[in-house]
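Thank you all for coming; I would like to walk you through one structure this morning, taking it piece by piece. Please have a look at it for a moment before I go on.

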Amino acid sequence: MKTAVFPGSFDPIHNGHREIVERMLPLFDKLIMAVGVNADKKYLFTTEQRLQWLKEVFGNEPKISIEQYSGLTADFCKKRNAAYLIRGLRNSSDFEFEKAIAQMNRKLGGIETVFVISSPEHAPLSSTILRDIIVNGGSVNDLVPVKITM
Ligand code: ADP
């Protein structure tokens, strides 16, 4: 059974994330969407809210499960018997950042990272930019697959 973990903050989920999941789903038997919970990181939305949105979008897909995790991503993958990690790449900065993490995850846990290049339509999307729009009262309706209210 081929299991992949797609880890992220999903603070909030957006259409770029959804695209990555839809494109990767045919490659795996099981895909775990893993919402990171890091005590040192400040999130705009609660863990429960972030999990709830993922359930709204992917809850009916039998191959997808939705979980929260803390600690090392490689440890979480081992616990779930997942040999693959999925990460999205929007630009060369993503690549530079992700490269070292992927190399470490392979060293730490033998986890293979599968990189997916974002489509040009979704490349400018990031949760950071969305949070800025949201807190300043702008609309993100066209950019996210759920209804987001503060
Ligand atoms: P993290 O805090 O782990 O970066 P994010 O929720 O911001 O969590 O992103 C989760 C994953 O989704 C990362 O691999 C990131 O590169 C990818 N991603 C984010 N935005 C996009 C996008 N617009 N297109 C493709 N992948 C994306």
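Let me start with Glu-112, which counts as partly exposed because its relative accessibility is 37%. In this model, which is a predicted one, Glu-112 forms a salt bridge with Arg-106, and the closest nitrogen and oxygen atoms of that pair are 3.6 Å apart. As a general point, side chains of opposite charge can pair when their charged atoms come close. The count of salt bridges comes to eight, and I will take you through two others.

One of them joins Arg-80 and Glu-67, whose side chains meet with a distance of 2.8 Å from N to O. Arg-80 lies in the loop between α3 and β4, whereas Glu-67 lies in strand β3, so this pair ties together parts that are 13 residues apart in sequence. If you look at the two partners in turn, Arg-80 is partly exposed, with a relative accessible area of 34%, while Glu-67, with a relative accessible area of 18%, is buried, since the cut-off for buried is under 20%.

The other is formed by Arg-87 and Glu-98, and here the closest N and O atoms are 2.8 Å apart. Because Arg-87 sits in strand β4 and Glu-98 in helix α4, residues 92-109, this salt bridge ties together parts that are eleven residues apart in sequence. Arg-87 counts as partly exposed at 23% relative accessibility, and Glu-98 is buried, with a relative accessible area of 6%.

Now let me turn to the helices, beginning with α2, which covers residues 47-58. How far apart are the end C-alpha atoms of α2? They are 16 Å apart, and this agrees with the span of 16 Å that twelve residues should give at 1.5 Å a residue. The buried residues in α2 are Thr-47, Arg-50, Leu-51, Trp-53, Leu-54 and Phe-58. These residues cover an arc of only 160 degrees around the axis, and therefore they lie on the same side of α2. As for what covers them, the list includes α1, β2 and β3.

Lys-55 is also in helix α2, but Lys-55 is partly exposed, with a relative accessible area of 44%. Its C-alpha atom is separated by 8.6 Å from that of Ser-65, a residue ten positions away along the chain.

Helix α1, which I mentioned as part of the cover of α2, has seven buried residues out of ten, so α1 is largely enclosed by the rest of the structure. Those buried residues of α1 are Asn-15, Gly-16, His-17, Glu-19, Ile-20, Val-21 and Met-24.

Next, I would like to look at the backbone, and at the loop between β1 and α1, where Phe-10 is found. For context, most residues other than glycine have a negative phi, and most peptide bonds are trans. Phe-10, although it is not a glycine, has a positive phi of about 50 degrees, and Phe-10 is buried, with a relative accessible area of 2%. Pro-12 is found in the loop between β1 and α1 as well, and the peptide bond that leads from Asp-11 to Pro-12 is cis, with omega near 5 degrees.

A positive phi also appears at Asn-81, where the value is near 55 degrees. The place of Asn-81 is in the loop between α3 and β4. Is Asn-81 buried or exposed? At 65% relative accessibility, Asn-81 counts as exposed.

Let me move on to the surface, where Leu-72, Met-104 and Leu-108 form a nonpolar patch that has about 290 Å² of accessible area together. Leu-72 is found in the loop between β3 and α3, and at 47% relative accessibility Leu-72 counts as partly exposed.

Finally, please find Val-135 in helix α5, which runs over residues 127-135. Val-135 is partly exposed, with a relative accessible area of 47%. Computed along the sequence, so to speak, Val-135 and Tyr-84 are 51 residues apart, and from C-alpha to C-alpha they are 35 Å apart in space.

That is where I will stop, and I am happy to take questions.

Conventions
Residues are numbered from 1 along each chain as its sequence is written. This is a predicted model: local features need pLDDT of at least 70, side-chain atom pairs count only at pLDDT 80 or more; totals for chains, interfaces and linings use all residues. Side-chain values use heavy atoms; hydrogens and water are left out. Patches are made of residues with over 30% relative accessible area and no salt bridge: like charges are joined within 9 Å, nonpolar side chains (Val, Leu, Ile, Met, Phe, Trp, Tyr) within 5 Å. Accessible areas come from the Shrake-Rupley method with a 1.4 Å probe; for residues, only the protein chains shown count as cover. A salt bridge is a side-chain nitrogen of Lys or Arg within 4 Å of a carboxyl oxygen of Asp or Glu. Helices (H or I, at least four residues) and strands (E, at least two) are DSSP runs, numbered from the N terminus. Buried means under 20% relative accessible area, exposed over 50%, partly exposed in between (1.4 Å probe, protein chains only). The expected span of a helix is 1.5 Å times one less than its number of residues. The arc is that of the directions from the helix axis to the C-beta atoms. Contact means heavy atoms within 4.5 Å.
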